[in-house]
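Please look over the sequence and the structure shown here before reading on. The report that follows takes up the cysteines, the overall fold, a helix pair and a few single residues.

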Amino acid sequence: MLSASVLLVNIAATNLQVDYNTRPIPKDDKTPAPSGDSQLGTVGCVSVDSFGHLAAATSTGGLVNKMVGRIGDTPIIGAGTYANKLCAVSATGQGEAIIRATVARDVAALMEYKGLSLKEAADYVIEESAPRGTTGLIAVSATGEVTMPFNTTGMFRACATEDGHTELAIW
């Protein structure tokens, strides 16, 4: 039985890539009222409770100026989000690359079929499976091991445990 719960929050901080040409926006002295809508990024969460039960959730932010409804903006189970009895994973980055590499499920499969630790499995998927500069993930195992690897310039991520340990990082 675990003595701590782990909660992770992940917001993508990959390079902002503007995929269209635009003129500079004129400076406006008026500050717009906050609308409550986030403009960028993925928000993901993985957790384990004191009994070792795991859960993962992912909400994607999408890429700038891409076709609405494209499949890469969907947190597909097995690709960008996954949980089983061994681990919970939430991924962020370029959706199409994450789908092709089945990032989240591959972490669990490497643990299950190759006997790798969570860190070893996640590192392998990020460094060897997902194309460079496309992916980051947060993951927790049933025993409370936490890892947050990425192959992008940066990834906003945080970890908090029941015993008061906290971690916050970008690079």
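## Cysteines

Cys45 is partly exposed, with a relative accessible area of 26%. Cys159, by contrast, is buried, since its relative accessible area of 5% falls under the 20% cut-off for that class. The model is a predicted one, and a search through the whole of it for disulfides returns zero. A disulfide is a covalent bond between the sulfur atoms of two cysteines, and the search accepts a pair of cysteine sulfur atoms when they lie within 2.5 Å.

## Overall fold

The protein contains three helices and nine strands, and in sequence order these elements follow the pattern β-β-β-β-β-α-α-α-β-β-β-β. Of the 171 residues in the protein, 39% are buried. When the contacts with a sequence separation of 6 or more are considered, 59% of them are between residues that stand 24 or more positions apart.

## The pair formed by helix 2 and helix 3

Two packed helices are described by the angle between their axes and the distance between the axes. For helix 2 (residues 103-114) and helix 3 (residues 118-129), the axes come within 8 Å of one another and cross at roughly 135 degrees. Helix 2 is therefore oblique to helix 3, and the crossing in which helix 2 passes helix 3 is right-handed. On the side of helix 2, the contact is made by Val103, Asp106, Val107, Leu110 and Met111, while helix 3 supplies Leu118, Ala121, Ala122, Tyr124 and Val125. Sorted by character, the residues of this contact comprise nine nonpolar and one charged, with no polar residue.

## Single residues

Which residue has a positive phi although it is not a glycine? That residue is Thr102, whose phi is about 35 degrees. Thr102 is found in the loop between helix 1 and helix 2, and with a relative accessible area of 33% Thr102 is classed as partly exposed.

Gly95 belongs to helix 1 (residues 95-101), where its relative accessible area of 8% makes Gly95 buried. Asp49, for its part, sits in the loop between strand 2 (43-48) and strand 3 (54-59), and its relative accessibility of 26% counts as partly exposed.

Gly95 and Asp49 each take part in a pair whose separation along the chain can be set beside a distance in space, and the table gives both values, with the distances taken from C-alpha to C-alpha.

| Pair | Separation along the chain | C-alpha to C-alpha distance |
|---|---|---|
| Gly95 and Arg70 | 25 residues | 9.4 Å |
| Asp49 and Gly144 | 95 residues | 8.7 Å |

Key:
Residues are numbered from 1 along each chain as its sequence is written. This is a predicted model: local features need pLDDT of at least 70, side-chain atom pairs count only at pLDDT 80 or more; totals for chains, interfaces and linings use all residues. Side-chain values use heavy atoms; hydrogens and water are left out. Buried means under 20% relative accessible area, exposed over 50%, partly exposed in between (1.4 Å probe, protein chains only). Axes are lines fitted to C-alpha atoms, for helices over the stretch in contact, and angles run from 0 to 180 degrees between N-to-C directions. Helices (H or I, at least four residues) and strands (E, at least two) are DSSP runs, numbered from the N terminus. Angles under 35 degrees count as roughly parallel, over 145 as roughly antiparallel, 65 to 115 as roughly perpendicular and the rest as oblique. A crossing is left-handed if the near helix is turned anticlockwise from the far one by less than a right angle, and right-handed if clockwise. Contact means heavy atoms within 4.5 Å. Ala, Val, Leu, Ile, Met, Phe, Trp, Tyr, Cys and Pro count as nonpolar, Asp, Glu, Lys and Arg as charged, and the others, Gly among them, as polar.
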